[in-house]
Amino acid sequence: NIALGMGADVTLLDTDLDKLRMSFWRYNNRVHGLASSKLAIERQVTEADLVIGAVLIPGAAAPKLVSNDLVAQMKPGSVLVDIAVDQGGCFEDTHPTTHADPTYQVHQSIFYCVANMPGAVPNTSTYALTNATLPYTVALADKGWQQACRDDHSLALGLNTHAGRLTNAPVGAAVGIDAIAPEEVLS
């Protein structure tokens, strides 16, 4: 919204075509949507003034979608913001920075890779997090963790370990540990 409000030409890349269609309607046809592919990423990144990497694979490391070679081809002064920094980053040259020292240069581009970006607005981010998690907290308090997870699949997906066993398959795959299905714990 901010970029559109400032008159920017915004292009979204995603592998989920339904999300792209929804963005098209949500922003009244003011954003471009492209199915994400290696070629689409290369073309968009080399022409961009600002690239925001917001890749999330829950429980797993983010894939490296922008290589160092690709950054070398970007416009001088271009900026890359890696929202996925907490999952390892989706740019090859990503490394976590802090609010005190947030940027660094790669080739002729500037990287902003602050871990825990919401920490810049602690009051607002705390309210947002509390609003999002309060229903789960109430369910856990009212029903106990097992029943709350049985009743709400999205809450069960948050179960990562139980009795010394990993219950999150993406985390297991990322670290090379076998995981059991959460349903085994909850049955």
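# Questions on a predicted model

Asp 178 lies in the loop between α8 (169–175) and α9 (182–186). The model discussed here is predicted.

Colleague: Is Asp 178 buried or exposed?
Modeller: Exposed means over 50% relative accessible area. Asp 178 has 71% relative accessibility, so this residue counts as exposed.

Colleague: How far apart in space are Asp 178 and Ile 57, C-alpha to C-alpha?
Modeller: Start with the sequence. There, Asp 178 and Ile 57 are 121 residues apart. In space, C-alpha to C-alpha, the separation of Asp 178 and Ile 57 is 18 Å.

Colleague: Now helix α2. Which residue caps its N-terminal end?
Modeller: Helix α2 covers residues 17–26. Look at the backbone nitrogen of Asp 18: a side-chain oxygen lies 2.9 Å from this atom. That oxygen belongs to the capping residue, Asp 16.

Colleague: Which residue takes a positive phi just after α2?
Modeller: The phi in question is about 50°. The residue that takes this angle is Asn 28.

Colleague: Which residue meets Arg 21 in a salt bridge?
Modeller: The partner sits in helix α2 too, three residues from Arg 21, so about one helical turn separates the two. An α-helix has 3.6 residues a turn, so residues three or four places apart point the same way. The N to O distance is 2.7 Å, and the partner is Asp 18.

Colleague: How does Arg 21 count: buried, partly exposed or exposed?
Modeller: The partly exposed class runs between 20% and 50%. Arg 21 has a relative accessible area of 48%, so Arg 21 is partly exposed.

Colleague: How many salt bridges does the structure hold?
Modeller: Arg 21 and Asp 18 form one of them. Another joins the side chains of Lys 143 and Asp 151, at 3.1 Å from N to O. The structure's total is three.

Colleague: Which residue forms a salt bridge with Asp 49?
Modeller: Asp 49 lies in the loop between α3 (38–47) and β3, and its partner lies in the loop between α4 (68–72) and β4, so the pair ties together parts that are 26 residues apart in sequence. The closest N and O atoms are 3.2 Å apart, and the partner is Lys 75.

Colleague: Of Asp 49 and Lys 75, which one counts as exposed?
Modeller: The cut-off for exposed is over 50%. Lys 75 has a relative accessible area of 34%, so Lys 75 is partly exposed. At 54%, the one that counts as exposed is Asp 49.

Colleague: On to the strands. In what order do the four strands form the open sheet?
Modeller: Build the order from the pairs. β3 (residues 50–53) pairs with β4 (residues 79–82) in the parallel sense over four bridges. Three bridges join β4 to β6 (residues 109–112), also parallel, while four bridges join β5 to β6 in the antiparallel sense. The pairing is thus mixed, and the order is β3-β4-β6-β5.

Colleague: Which are the edge strands?
Modeller: An edge strand of this sheet pairs on one side only. The two edge strands are β3 and β5 (103–106).

Colleague: By what angle are neighbouring strands of this sheet turned against each other on average?
Modeller: Direction is ignored for this value. The average turn is 25°.

Colleague: Which residue in β6 stands opposite Val 81?
Modeller: Strand β4 and strand β6 run parallel. Opposite Val 81, in β6, stands Tyr 112.

Colleague: How many aromatic pairs does the structure hold, and what kind is that of Phe 24 and Trp 25?
Modeller: The structure holds three aromatic pairs. Planes over 60 degrees apart count as edge-to-face. The rings of Phe 24 and Trp 25 have centres 5.3 Å apart and planes at 85°, so the pair is edge-to-face.

Colleague: Which residue pairs with Phe 91 at 90° between the planes?
Modeller: Phe 91 lies in the loop between β4 and β5 and its partner in strand β6, so the pair ties together parts that are 20 residues apart in sequence. The centres are 5.9 Å apart, and the partner is Phe 111.

Colleague: Are Phe 91 and Phe 111 buried or exposed?
Modeller: Buried means under 20%. Phe 91 has a relative accessible area of 1%. Phe 111 has 0%. Both residues are therefore buried.

Colleague: Which residue joins Phe 91 and Phe 111 in a cluster?
Modeller: Ring pairs link the members of this cluster. Alongside Phe 91 and Phe 111, the cluster includes Tyr 104.

Definitions and conventions: Residues are numbered from 1 along each chain as its sequence is written. This is a predicted model: local features need pLDDT of at least 70, side-chain atom pairs count only at pLDDT 80 or more; totals for chains, interfaces and linings use all residues. Side-chain values use heavy atoms; hydrogens and water are left out. A polar contact is a pair of N or O atoms within 3.5 Å; within protein, one must be able to donate a hydrogen and the other to accept it, and residues adjacent in sequence count only if both atoms are side-chain atoms. Two strands pair if DSSP finds at least two bridges between them. Axes are lines fitted to C-alpha atoms, for helices over the stretch in contact, and angles run from 0 to 180 degrees between N-to-C directions. Rings of Phe, Tyr and Trp (its six-membered ring) pair if their centres lie within 6.5 Å; planes under 30 degrees apart count as stacked, over 60 as edge-to-face and the rest as tilted. Buried means under 20% relative accessible area, exposed over 50%, partly exposed in between (1.4 Å probe, protein chains only). A salt bridge is a side-chain nitrogen of Lys or Arg within 4 Å of a carboxyl oxygen of Asp or Glu.
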